[in-house]
Amino acid sequence: MSPDEWTYLAVLLAAVPIGFAFKTAGPRVKQVGSAAVGLGLTLLTCGPHVLHSLVTILGTWGIMKVQPRSCHFLALGWTFSYLLFFRTVTAFGLPAPTPFTNAIQLLLTLKLVSLASEVQEFNRARREEATAFAKTPAVGLLLGVPTLPEMLSYSYCYVGIMTGPFYRYRTYQDWLSQPYAGTVPTWQPLLRRARLAPLFGLLFLLSSHFFPLDYVREEAFYARSFAFRLFYMTPVFFTFRMRFYVAWIMAECGCIAAGFGAYPVGAKARAGGGPTVECPPPDSPERAGAVEYDYETIRNINCHGTDFCVRVRDGMRYWNMTVQWWLAQYIYKSAPARSYVLRSAWTMLLSAYWHGIHPGYYLSFLTIPLCLAAEGTLESGLRGRLGPGARRGWDWVHWFLKMRAYDYMCMGFVLLSLGDTVRYWASVGFCIHLLALALLGLGLALGGGPGRRGNRPPPDKSHEE
């Protein structure tokens, strides 16, 4: 492990005891204390580069003050434009930000765009209340427009500041004012969530030792057989998954220790978005103790779903779940296209941009729409014609191809550079690109299509967990 990885691990582990310290504290202590811890971590790991986050926050606050009715898209434009400057600061003679600064900036961008959207929705609801056309308030509406100090406290809250999960401002508000926080379960869900993290950590260490990524950049690697080169992307993706499984599970544990993101099961909370059903808070300790809670709001990874779901699109849904919600809510829904595949391409393009400016991100993310198109046409053109037994057989083939597609795309994500990515893909004959094109052609020849409802394939419950 690198020094940076050890630092990340230390931050993740420290969040657990810090969370216990804040869980039953009052709203003011939670607000100021969590922001102080987060700002301290930021200063410690970023130094003067903390100015990047501060400028981004102040710019978004100014947009919300000047244009509260249309601040969402303006904030999206501002934060994404600042990301470009942030990643090219060396061209202006400024020092390159630390990796920790980059991580904080990424999560902060999601928070600020979401906050601007929440503020815009809050102002719209207030205007509608003053007319005869008032609608039922949306679930999870803001309790009030945050002041600048409140916005700074949310932005620098230590919870997920470097590793996620992403959470809305309303989720943060609910944590500050959580009634009877002492009755919210902590130890049992924390231990249940953390139980596999040591195994994943061990597998990461073993896999990264025996199958190092740097070997792919060496000439000796390309002197090996085609079969070996094709195989090598599988342990690389395995290492990649294990690394993030540990990081995201521990990040969730930090939230659980603080009672952050805990909602009654009846609220039917979604990862990132929070409750979807209005669920009044308990009004007594006895009632609070009888409530069953979950932490779905801050759930960032479904390890079983990621590894064993059948479809490419389901693999995306189970991976980095809170960020996937953000992309669906603020990018996919407003995409300048109606086709599911084209909307997905637009979403993947902006997701690649959010991750960085390395060509490998774009090559990997923009391969996904091709895989989705092939998947959709085959489902409607082939799978729909098969009997139950043949469908189960096809699903196993589909799962195998899905995993190999993600192996292949992961290589671009981790190799980063155009030269390294194309060299590796060329060494395995651009196999996934060619296979996806062939399967797309087969699906079209069999009369398949991307499906109805905006060209999205119809749901198939047999794939669900």
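Where does Y180 lie? Y180 is in the loop between α7 and α8 (187-194), where helices (H or I, at least four residues) and strands (E, at least two) are DSSP runs numbered from the N terminus. Although Y180 is not a glycine, its phi is positive, at about 50 degrees.

This is a predicted model, in which local features need pLDDT of at least 70 and side-chain atom pairs count only at pLDDT 80 or more, while totals for chains, interfaces and linings use all residues. Residues are numbered from 1 along each chain as its sequence is written, and side-chain values use heavy atoms, with hydrogens and water left out.

A further backbone feature is found at P165, in the loop between α6 (148-156) and α7 (169-176). The peptide bond from G164 to P165 is cis, and its omega is near 5 degrees.

**Domains and their interface**

The domain assignment, whose bounds come from an automatic or database source, gives domain 1 (3-177) and domain 2 (302-446). Their centres, taken over C-alpha atoms, are 30 Å apart. Contact (heavy atoms within 4.5 Å) joins 19 residues of domain 1 to 13 residues of domain 2.

The two domains bury about 1400 Å² between them, with 74% of it on carbon and sulfur atoms; buried area is the accessible area (1.4 Å probe) that two parts lose on being put together, summed over both. In domain 1, the residues that lose the most area to domain 2 are F80, R87 and L110, together 40% of what that side buries.

Zero salt bridges are found across this interface, a salt bridge being a side-chain nitrogen of Lys or Arg within 4 Å of a carboxyl oxygen of Asp or Glu. Nine residue pairs (both at pLDDT 80 or more) are in polar contact between the domains. A polar contact is a pair of N or O atoms within 3.5 Å; within protein, one must be able to donate a hydrogen and the other to accept it, and residues adjacent in sequence count only if both atoms are side-chain atoms.

On the side of domain 1 that touches domain 2, α4 (71-87) and α5 (99-129) are the elements that give two or more residues. The most come from α4, with eight residues.

**Annotated segments**

An unreviewed UniProt entry lists "transmembrane region" for residues 37-61, 73-94, 196-215, 340-355 and 424-446; such annotations may be inferred rather than shown by experiment. Two of these segments are described below.

| Segment | Helix | Strand | Distance between end C-alpha atoms |
|---|---|---|---|
| residues 196-215 | 70% | 0% | 29 Å |
| residues 340-355 | 100% | 0% | 22 Å |
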